[in-house]
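Trainee: I should like to examine how the descriptive terms for this model are justified. May we take them one at a time?

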Amino acid sequence: QVQLAESGGGLVQAGGSLRLSCGASGRTFSSYAMGWFRQAPGKEREFVAAITTWSGGNINYADSVKGRFTISRDNAKNTVYLQMNSLKPEDTAVYYCAAKSKSVGPYEYWGQGTQVTVSA
């Protein structure tokens, strides 16, 4: 069982930056693949970025955030990060982190989300 808690959201102007953090409970954090997702008002939740169990492993990004967002993890701190630069109004959404114990298949655990609002 993993419990996730996001933080770091807020209001930022277009072109600005934010760093989201997701803290995880449990001593097996390093064995979970982690992902970030987001859901804008009136839209379905969408994939943002994912990282495998170790910081130097496979990383994937949605095309819409490539070159602007960076996902990373610190297994010693049970934390995964999402550095978001050059933010755009269309990045406005609730951002969720998620964890899964297998490299394939659905994410099993989800946080409550943190709001990111980018003003024009």
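Mentor: Let us start with the aromatic cluster: in this predicted model, ring pairs link Phe 37, Phe 47, Tyr 107 and Trp 110 into a cluster. The structure holds five aromatic pairs.

Trainee: Why is the pair of Tyr 32 and Tyr 109 called edge-to-face?

Mentor: A pair requires ring centres within 6.5 Å, and edge-to-face requires planes over 60 degrees apart. The centres of Tyr 32 and Tyr 109 are 6.0 Å apart and their planes stand at 70°, so both conditions are met and the pair is edge-to-face.

Trainee: What makes this pair a tie between parts that are apart in sequence?

Mentor: Tyr 32 belongs to the loop between β3 (18-24) and β4 (33-39), whereas Tyr 109 belongs to strand β10 (residues 109-110), so the pair ties together parts 77 residues apart in sequence. Tyr 32 and Tyr 109 are both buried.

Trainee: How do you know which class the pair of Phe 37 and Tyr 107 belongs to?

Mentor: Their ring centres are 5.2 Å apart and the angle between the planes is 80°. Set against the limits of 6.5 Å and 60 degrees, these values make Phe 37 and Tyr 107 an edge-to-face pair. Phe 37 lies in strand β4 and Tyr 107 in the loop between β9 (93-100) and β10, 70 residues apart, and the pair links these distant parts of the chain. Phe 37 and Tyr 107 are both buried.

Trainee: What makes the charged end of Arg 45 count as sitting over the ring of Trp 110?

Mentor: The distance limit is 6 Å from the ring centre, and the charge must also lie within 35 degrees of the ring normal. The charged end of Arg 45 sits over the Trp 110 ring at 3.8 Å from its centre. Arg 45 also lies over the face of Tyr 96, 5.7 Å from that ring centre.

Trainee: Why is β9 described as largely enclosed by the rest of the structure?

Mentor: A residue is buried if its relative accessible area is under 20%. Seven of the eight residues of β9 are buried, so the strand is largely enclosed by the rest of the structure.

Trainee: How do you know which strands pair with β9, and in which sense?

Mentor: Pairing needs at least two bridges. Seven bridges join β9 to β4, and the two run antiparallel; here Gly 35 has Ala 98 of β9 as its bridge partner. β9 pairs with β10 over two bridges, also in the antiparallel sense, and Ala 98 stands opposite Trp 110 in β10. With β11, β9 forms three bridges in the antiparallel sense. In β11, Thr 114 is the bridge partner of Tyr 95, and Val 116 is that of Ala 93.

Trainee: What makes the side chains of strand β11 (residues 114-119) alternate?

Mentor: In a regular strand, side chains alternate between the two faces of the sheet. Thr 114, Val 116 and Val 118 point to one face and are buried, while Gln 115, Thr 117 and Ser 119 point to the other and are not buried. Strand β2 (residues 10-13) pairs with β11 in the parallel sense over four bridges, and Val 12 stands opposite Val 118 in β11.

Trainee: How many residues in the lining of the largest pocket are charged?

Mentor: Asp, Glu, Lys and Arg count as charged, and the lining has eight charged residues, with three polar and two nonpolar. The pocket has a volume of about 150 Å³. Of its 13 lining residues, the closest to the centre are Arg 38, Lys 43, Glu 46, Glu 90 and Asp 91.

How values were computed: Residues are numbered from 1 along each chain as its sequence is written. Side-chain values use heavy atoms; hydrogens and water are left out. On a 1 Å grid over the protein atoms alone, a cavity is a set of points where a 1.4 Å probe fits but cannot get out, and a pocket is an open set with protein on both sides within 12 Å along at least five of seven lines; lining residues have an atom within 4 Å of a point. Grid points are joined across faces, edges and corners, and a volume is the space filled by probe spheres set on the points. Rings of Phe, Tyr and Trp (its six-membered ring) pair if their centres lie within 6.5 Å; planes under 30 degrees apart count as stacked, over 60 as edge-to-face and the rest as tilted. Buried means under 20% relative accessible area, exposed over 50%, partly exposed in between (1.4 Å probe, protein chains only).
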